[in-house]
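The following paragraphs go through selected features of a predicted model. Please keep the structure open while reading.

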Amino acid sequence: MEKIKAIAMYLPQFHRTPENDQWWGEGFTEWTAVKAGIPLFEGHIQPKRPLGENYYNLLEKSTMEQQSFLMHKYGVDGLCFYHYYFKDGKKILERPAESLLQWQDIDMPFCFCWANESWARTWSNIGNKNPWAEKFEKNNCESDILLEQKYGHEFEWKKHFEYLLPFFCDERYICKGEKPIFLIYKPEEIFCLYQMTEFWRDLAKANGIPDLYFIGLNTIHLKKGLDAILWNAPGMFCNPALLGRDLSPNRINGIKTYSYDRVWDNILSAEPVETCKTFFGAFVNYDDSPRRGRNATVIKDFSIEKFKTYLYQLYRKNESIENEFVFINAWNEWGEGMYLEPDEVYGEQYLKVIKDVSDKIDREKMCQEWDLKRINKREDANREPKLQTLDKYRLIANCLDKWLALKERGINPASYLRQYNYSIVAVYGFGILGRHLLYDLEKEEIEIAYIIDRRVELKHPYIEIKGIDSSLENVDVVVVTAISEFDEIFDLLKTRISCPILSIQELIDEIE
């Protein structure tokens with residue numbers, strides 16, 4: 001096996017933008033939040049200060065040249081830039097990556113992680129948002145939604161791909177084999193993930209790229225359209241709802257804190273998903289109080305020696321399951337206390353850990369077996385079905401949350417159907433979402449031709465319920481409410497009926 005590559009997550013927020021000036025105050029960058037950090041309990045080290053007061057600007061070439069120098073000095077193999085791409089192709093914080101594309105003399109291998117969530121004020125009622133600089137909220141704001149995430153259809157997908165194509169074709173772009181890797185922060189939020197990724201794969205091949213390699217973050221099972229999943233640290237390993245292991249926080253002066261050792265124990269004991277490739281991520285440390293204030297989460301009891309010990313074990317774990325990459329949080333998340341860059345307390349010791357661990361692996365020639373018992377032991381023979389059930393209901397809860405938020409604004413999913421002149425509808429699925437959708441559409445006088453459900457024994461007082469193998473008359477559109485199975489249902493129906501097949505997530509997510 002080739003040497004595992006260390007890829008650090010990279011935040012491109014260290015330069016001014018007109019939007020940040022407007023939303024958070026004149027001259028706001030990530031450094032604004034970092035400098036405003038204050039100690040919130042005894043032993044809490046704030047503010048964090050870069051070594052030599054290096055409050056850099058990512059639009060200056062010398063900054064990336066210095067970052068490239070440090071990467072190569074300490075064995076960081078690449079940086080994964082967060083990519084912010086929103087409704088109608090709106091971008092933000094894109095200039096550092098675009099500059100790197102032009103600065104071909106800077107040896108900085110890179111890839112993208114699409115941070116596909118809306119930016120919104122903390123008080124917005126939309127779910128799955130990024131409030132970004134909670135501590136810097138202002139009350140004189142015109143809108144609670146700052147940047148809205150919508151996915152659109154083939155026209156929008158093509159436009160997005162065409163923006164990414166020059167990056168994919170750059171010699172420095174990180175690939176698995178010959179496939180450019182592309183991380184997606186919240187794959188479950190993309191109702192059209194399978195259709196969009198297949199569309200992108202076709203476009204890649206048409207442009208001389210053999211394929212793309214899609215990695216979804218922090219999902220429990222492989223969603224159709226993805227090639228692998230990454231369990232990113234520390235967030236994935238602090239959430240018992242996702243992994244089933246309790247990690248209770250401790251409150252100090254009202255601040256939520258976790259044990260560094262216990263979070264790492266969860267990382268090292270987590271088992272890969274049997275049905276798909278699972279990457280396990282690392283983290284340096286965590287403290288988001290510069291952004292969140294008293295709503296912060298702080299991980300306590302960090303030390304350089306602990307970081308080195310745990311990172312070595314994680315390299316061995318990833319090696320044992322033949323993973324090519326270790327993703328590290330992060331290169332420069334200063335506002336969340338996750339950074340490898342030199343600071344005033346530890347100097348370059350964070351980076352030196354990367355080199356020491358990598359050198360140790362090399363000295364051992366990467367041939368010693370890591371203790372496989374820890375990752376192969378199954379705590380519960382039925383764990384995978386339970387996790388899939390949990391994931392299913394989490395998707396339903398997210399959908400209902402968005403649906404209720406629309407209702408609070410006086411918006412009904414029927415408006416989306418009318419937008420496309422869909423007046424006769426078939427509904428797939430007579431479960432929780434299906435029943436609510438039928439009620440809403442009937443109130444809006446949308447004609448329901450029939451219901452499709454595998455459970456043909458179900459009854460509706462006046463709408464026919466057809467089995468999946470029944471004769472399906474053409475309608476204007478089929479709306480699938482079984483969202484956790486949408487891709488499989490789409491494949492089943494596309495050869496049986498000649499009309500559009502939509503997920504209810506599209507009706508909810510794409511309403512104007």
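His83 is part of strand β2, which spans residues 78–85. With a relative accessible area of 5%, His83 falls under the 20% limit and therefore counts as buried. Leaving aside residues up to four places away in sequence, His83 touches Phe112, Cys113, Trp114, Ala115, His160, Tyr163, Leu164 and Phe182.

Two of these neighbours, His160 and Leu164, also take part in a helix contact, that of α5 with α6. Two packed helices are described by the angle between their axes and the distance between the axes. For α5 (residues 154–168) and α6 (residues 193–206), the axes come within 10 Å and the crossing angle is roughly 50°. The two helices are therefore oblique to each other, and their crossing is right-handed. On the α5 side the contact is made by Glu154, Trp157, Lys158, His160, Phe161 and Leu164, and on the α6 side by Gln195, Met196, Phe199, Trp200, Leu203 and Ala204. Sorted by class, these are eight nonpolar, two polar and two charged residues.

A second helix pair is formed by α3 (residues 61–74) and α11 (residues 349–363), whose axes come within 8 Å and cross at roughly 40°. That angle makes α3 oblique to α11. Here Leu70, Lys73 and Tyr74 of α3 meet Leu351, Lys352, Ile354 and Lys355 of α11. The contact of α3 with α11 has four nonpolar and three charged residues, and no polar ones.

Turning to the strands, β12, β13 and β16 form, in that order, an open three-stranded sheet with mixed pairing. Its edge strands, each paired on one side only, are β12 (250–252) and β16 (297–300). From one strand to the next the twist averages 40°. Helix α8 (residues 260–269) packs on this sheet, where it touches β13 and β16, and its direction makes about 55° with that of β13. Strands β12 and β13 (residues 255–259) run antiparallel and are joined by three bridges. In one bridge, Arg251 has Lys256 of β13 as its partner.

Strand β23 (residues 477–480) is covered on both faces: Val477 and Val479 are buried on one side, Val478 and Val480 on the other. Four bridges connect β23 to β20 (residues 424–428), and the two strands run parallel. Strand β24 (residues 501–503) is also parallel to β23, to which three bridges join it. Val480 takes part in both pairings: it stands opposite Tyr428, and its bridge partner in β24 is Ser503.

The remaining points concern the backbone. Most residues other than glycine have a negative phi, and most peptide bonds are trans. The bond joining Gln46 and Pro47 is cis, with omega about -5°, and Pro47 lies in the loop between α2 (30–35) and α3. Another cis bond leads from Asn329 to Ala330, with omega near 10°; Ala330 is in the loop between β17 (325–329) and β18 (332–333).

Asn421 has a positive phi, near 60°, without being a glycine. This residue sits in the loop between α14 (414–419) and β20. Its relative accessibility is 64%, so Asn421 counts as exposed. Glu445, likewise not a glycine, has a positive phi of about 60° and is found in the loop between α15 (432–443) and β21 (447–452). At 73% relative accessibility, Glu445 is exposed too, because the cut-off is over 50%.

Key
Residues numbered from 1 in each chain as written. Predicted model: local features only at pLDDT ≥ 70, side-chain atom pairs only at ≥ 80, totals over all residues. Heavy atoms only, no water. Pairing = 2+ DSSP bridges. Axes fitted to C-alpha atoms, helices over the stretch in contact; angles between N-to-C directions. Contact = heavy atoms within 4.5 Å. Parallel < 35°, antiparallel > 145°, perpendicular 65-115°, else oblique. Left-handed = near helix turned anticlockwise from the far one by under 90°. Nonpolar A, V, L, I, M, F, W, Y, C, P; charged D, E, K, R; others polar. Buried < 20%, exposed > 50% of the residue type's maximum accessible area, 1.4 Å probe, protein only.
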